[in-house]
Amino acid sequence: MRLAGPLRIVALVVTVGLTWIVVSILLGGPGSGFPRIQQLFTSPENSVTTEPRARKYKCGLPQPCPEEHLAFRMVSGAANVIGPKICLEDKMLMSSVKDNVGRGLNIALVNGVSGELIEARAFDMWAGDVNDLLKFIRPLHEGTLVFVASYDDPATKMNEETRKLFSDLGSKNVKDLAFRDSWVFVGAKGVQNKSPFEQHVKNSKHTNKYEGWPEALEMEGCIPRRTTAS
């Protein structure tokens with residue numbers, strides 16, 4: 001009977017010790033892999049959350065286009081190494097991955113009403129035949145959208161008729177386009193004014209980003225759908 005008192009003390013110490021260990025684990029003490037109980041009762045206002053990612057819209061645009069507009073993004077080629085890209089309504093029309101781009105002018109023709117691709121081709125403006133390009137753009141129908149992205153050299157084989165045809169599509173820079181310039185342009189058959197969708201950088205050894213080529217150009221925006229096409 002004399003041992004009853006000490007045994008009670010030992011049992012109490014063991015119970016307290018086990019209780020402390022269990023509470024320490026549940027509360028996420030040092031070395032514990034269990035979630036902390038207090039986190040279950042933390043209000044959302046007080047919890048730390050990661051910064052939400054910026055939402056991207058069609059073709060990676062930061063903002064959605066208005067209704068009855070076509071979202072596009074295009075990038076010219078970088079030197080003679082990285083090919084151009086033309087994206088419309090989240091569909092890649094031309095790119096190196098699709099294997100339908102090449103040196104010179106990369107052109108995608110699009111129905112201005114439906115936004116559907118009509119045809120996409122690359123025209124070599126260094127060693128190709130400019131007549132192939134002329135046959136491609138001469139017969140365009142009213143309302144056809146024309147997306148153009150340069151790669152390497154867009155202008156060596158250009159003649160006056162070629163420049164006039166692009167000017168009639170709304171280009172203001174094609175008259176000055178020269179050897180190894182960077183150029184992106186969106187025009188349309190039957191436009192009344194110069195296109196707002198055009199960028200041009202001259203090839204200059206003083207300003208070139210690459211040794212023999214200027215920087216690549218990137219352009220994005222929203223194009224109003226045409227109401228009719230013939």
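Ring pairs tie Phe72, Phe147 and Phe197 together into a cluster. That cluster comes from a predicted model, and the structure holds six aromatic pairs.

One of these pairs brings Phe166 together with Trp183 in an edge-to-face arrangement, with 5.5 Å from centre to centre and 85 degrees between the planes. It's a link between distant parts of the chain: Phe166 sits in helix H4 (residues 160-168), Trp183 belongs to strand E7 (residues 182-188), and the two are 17 residues apart. Phe166 has 0% relative accessibility and so counts as buried. Trp183, likewise at 0% relative accessibility, counts as buried too. Trp183 also pairs with Phe185: the ring centres are 5.6 Å apart and the planes lie at 5 degrees, which is under 30 degrees, so this pair is stacked. Phe185, like Trp183, is buried.

Back to helix H4, which has a helix for company. The axes of H4 and helix H3 (residues 130-137) come within 10 Å and cross at roughly 30 degrees. Angles under 35 degrees count as roughly parallel, and H3 and H4 are therefore roughly parallel to each other. Their crossing is left-handed.

As for the residues involved, H3 brings Val130, Leu133, Leu134 and Ile137 to the meeting, while H4 supplies Glu161, Thr162, Leu165 and Phe166. Sorted by character, the residues of this contact come out as six nonpolar, one polar and one charged. Phe166 thus turns up in two settings, as a member of the edge-to-face pair with Trp183 and as one of the H4 residues that meet H3.

Key. Residues numbered from 1 in each chain as written. Predicted model: local features only at pLDDT ≥ 70, side-chain atom pairs only at ≥ 80, totals over all residues. Heavy atoms only, no water. Phe/Tyr/Trp six-rings, centres within 6.5 Å; stacked < 30°, edge-to-face > 60°. Helix = DSSP H or I, 4+ residues; strand = E, 2+ residues; numbered from the N terminus. Buried < 20%, exposed > 50% of the residue type's maximum accessible area, 1.4 Å probe, protein only. Axes fitted to C-alpha atoms, helices over the stretch in contact; angles between N-to-C directions. Parallel < 35°, antiparallel > 145°, perpendicular 65-115°, else oblique. Left-handed = near helix turned anticlockwise from the far one by under 90°. Contact = heavy atoms within 4.5 Å. Nonpolar A, V, L, I, M, F, W, Y, C, P; charged D, E, K, R; others polar.
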